[in-house]
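Please examine the structure shown below before reading the report. The sections that follow take up its features one at a time.

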Amino acid sequence: MPLLKNKFACLANLPSMPTLLMEALQQINGKQNLTLLVDKIGQDPSIVIRILRIANSPFYGMSREIGSLREAIVLLGINRIKDMLMSLCFSRMLPEQHKDFNYDLFLHHSMAVAECTRQLANCTSTSPDFAFTAGLLHDIGDLVIVMLFPDEFSQLVKMSEKFGIEEEQKVLGFNHTIIGGKAAQYWNFPQEIQEAIEQHETYPESATTKSLGLLVYTANLLIVNTEQPDKSALEEHEPICTALAILNVSIDQAAHCTDSGRQFADQILTLH
């Protein structure tokens, strides 16, 4: 088996990230420039149309129809528009169809975790700057595996449709959190997002402090639990309870964050 560094060298074959997504990422911590953002988004009419469709969806419950991008930004806030932009750009970068990869399921999960992470950040008074984006991109390592190691991905699916980190490590010599972190570094994502991608499967120690990685880890657990046919009650899910205790988030708050995440994903995919 090739050395890991040789496998990671193939990251150079990854496509460029959508320009709008990268520009939005760069603005998250920068000065909010409404005119610049409107101008940039306005250069892509298809994105504008889809943002307006999302803004007018039942998820936001606006009392009247939003008719322009600038109006959407004023009414919903520039950060919410950035979240929508991230979601739409992210869906555009999906690789060519792979017969064994469920694209709709992947998108729904990513969108749900993104919104759930944002809601958790609000509950914990944590800076929401990177919360949505880190949640959205947490499983980007899965996409990298599908794009760069399609045969190995098919082998994993044959082992188990619900394969995990252990199977990935066995077949590839690494897992999706590792390759995801490497890809985030290659694409020059902010350091906080790189770390959250790498940590989103890491079980928190009892002394762990609040972090973006912990928020994404918790949101991922919450959404994954709802995706199981035999989902457990949150208070009976020990890893979730441990994470919520560290974050000082109640079961009721967690349930609300989870519901919001799934509702957001439902709306995005309906309009996709």
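## Aromatic pairs

In this predicted model, a search of the whole structure identifies 10 aromatic pairs. One pair is formed by W187 and F189: the ring centres are 5.9 Å apart and the planes meet at 25°, so the pair is stacked. The cut-off behind this label is that planes under 30 degrees apart count as stacked. W187 and F189 are both buried.

Ring pairs also join residues into a cluster, whose members are F90, F101, Y103, F106, F153 and F163.

## Overall fold

The protein chain contains 16 helices and 0 strands. Of its 272 residues, 53% count as buried. Among contacts in the chain with a separation of 6 or more, 67% are between residues 24 or more positions apart.

## Surface

The area exposed by the protein chain is about 12800 Å², and carbon and sulfur atoms supply 49% of this area. On the surface, M62, V74 and L75 make a nonpolar patch of about 240 Å².

L75, one of the patch residues, is located in helix α5, which covers residues 69-76. The relative accessibility of L75 is 37%, so L75 counts as partly exposed. This class lies between the limits of 20% for buried and 50% for exposed.

## A histidine in a loop

Where is H237 found? H237 belongs to the loop between α14 (212-226) and α15 (238-247). Is H237 buried or exposed? The relative accessible area of H237 is 17%, and H237 is therefore buried, since buried means under 20%.

Apart from neighbours within four places in sequence, H237 is in contact with L221, N225 and S232.

## Cysteines

A disulfide is a covalent bond between the sulfur atoms of two cysteines. To be counted here, the two sulfur atoms must lie within 2.5 Å. By this rule the structure has 0 disulfides. C123 takes part in no disulfide, and its nearest cysteine sulfur, which belongs to C257, is 3.8 Å away. C257 is likewise in no disulfide, with the sulfur of C123 as its nearest cysteine sulfur at 3.8 Å.

The accessibility of each cysteine can also be stated. C123 has 27% relative accessibility and so counts as partly exposed. C257 has 0% relative accessibility and so counts as buried.

How values were computed
Residues are numbered from 1 along each chain as its sequence is written. This is a predicted model: local features need pLDDT of at least 70, side-chain atom pairs count only at pLDDT 80 or more; totals for chains, interfaces and linings use all residues. Side-chain values use heavy atoms; hydrogens and water are left out. Rings of Phe, Tyr and Trp (its six-membered ring) pair if their centres lie within 6.5 Å; planes under 30 degrees apart count as stacked, over 60 as edge-to-face and the rest as tilted. Buried means under 20% relative accessible area, exposed over 50%, partly exposed in between (1.4 Å probe, protein chains only). Helices (H or I, at least four residues) and strands (E, at least two) are DSSP runs, numbered from the N terminus. Contact means heavy atoms within 4.5 Å. Accessible areas come from the Shrake-Rupley method with a 1.4 Å probe; for residues, only the protein chains shown count as cover. Patches are made of residues with over 30% relative accessible area and no salt bridge: like charges are joined within 9 Å, nonpolar side chains (Val, Leu, Ile, Met, Phe, Trp, Tyr) within 5 Å. A salt bridge is a side-chain nitrogen of Lys or Arg within 4 Å of a carboxyl oxygen of Asp or Glu.
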